[in-house]
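Please open the model in your viewer and keep the selection tool at hand. The tour below goes from one selection to the next and says what is found at each stop.

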Amino acid sequence: MDAAGDHPVLLYDGTCGFCAESVQLVLRHDRAGTLRFAPLQGAMGTAVRRMHPGLERVDSVVWLEPDGPDGPGRVLTRSDAALRIARYLGGWWHLARVGRLVPRPLRDAAYDLVARHRHRLLAGGPACLVPGPEVRARFLD
């Protein structure tokens, strides 16, 4: 995570149009501007999966917290990652944190249902995310 510095990183499926749209949504609502992004298929995603072998078969968005003064960083996937994104965005997105009241197996089942069908959720099909120059520095590869 050296490339990210002290910033959290969101790993996403770089071959998925729904995922690209989700990253765009996060960028539009990111007031802090500290979140970094990288596709799971890129160098950063590969390095993270190598450091965390449990992620090798994970078909999910991945939230990486940097190491901090309170200890090592965290790796969150599936509904935990989605809820962490909502917390990071703040504002009205905090309302999504009510999802913590739902047991993780149920949250993850709902997440998995969307993830299984994500390539068909947008009429345009697969799309590469090409970040604009104003946010390009926030993409790690």
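How much space lies in the largest pocket? In this predicted model, the largest pocket holds about 730 Å³ of space. To find the pocket, select Ser22, Val61, Ala82, Ile85 and Tyr111, which are the closest to its centre among the 30 residues that line it. Next, colour strand 1 (9-12), helix 1 (17-29), helix 3 (78-89) and helix 4 (104-117), since these are the elements that give two or more residues to the lining of the largest pocket. Helix 1 gives the most to that lining, with 7 residues. If you then colour the lining of the largest pocket by class, you will find 21 nonpolar, 4 polar and 5 charged residues.

Turn now to the sheet. Its 4 strands form an open sheet in the order 2-1-3-4, and the pairing is mixed. Select strand 2 (36-39) and strand 4 (75-77), which stand at the edges with a single partner strand each, so that one side of each is left without a neighbour in the sheet. From one strand to the next, the twist averages 20°. Within the sheet, strand 1 and strand 3 (residues 62-64) pair in the antiparallel sense over 3 bridges, and selecting Leu10 shows that this residue stands opposite Trp63 in strand 3. Add helix 2 (residues 43-51), which packs on the sheet and touches strand 1, strand 2 and strand 3, while its direction makes about 100° with that of strand 1.

The last stop is a pair of helices. Show helix 3 with helix 4, which pack at an angle of about 90° with their axes 7 Å apart; helix 3 is therefore roughly perpendicular to helix 4. Which residues meet between helix 3 and helix 4? On the side of helix 3, select Arg78, Ser79, Asp80 and Leu83, which meet Arg104, Arg107, Asp108, Tyr111 and Asp112 in helix 4. The residues of this contact of helix 3 with helix 4 divide into 2 nonpolar, 1 polar and 6 charged.

Conventions: Residues numbered from 1 in each chain as written. Predicted model: local features only at pLDDT ≥ 70, side-chain atom pairs only at ≥ 80, totals over all residues. Heavy atoms only, no water. 1 Å grid on protein atoms, 1.4 Å probe; cavity = no way out; pocket = protein on both sides within 12 Å on 5 of 7 lines; lining within 4 Å. Points joined across faces, edges and corners; volume = space filled by probe spheres on them. Nonpolar A, V, L, I, M, F, W, Y, C, P; charged D, E, K, R; others polar. Pairing = 2+ DSSP bridges. Axes fitted to C-alpha atoms, helices over the stretch in contact; angles between N-to-C directions. Contact = heavy atoms within 4.5 Å. Parallel < 35°, antiparallel > 145°, perpendicular 65-115°, else oblique.
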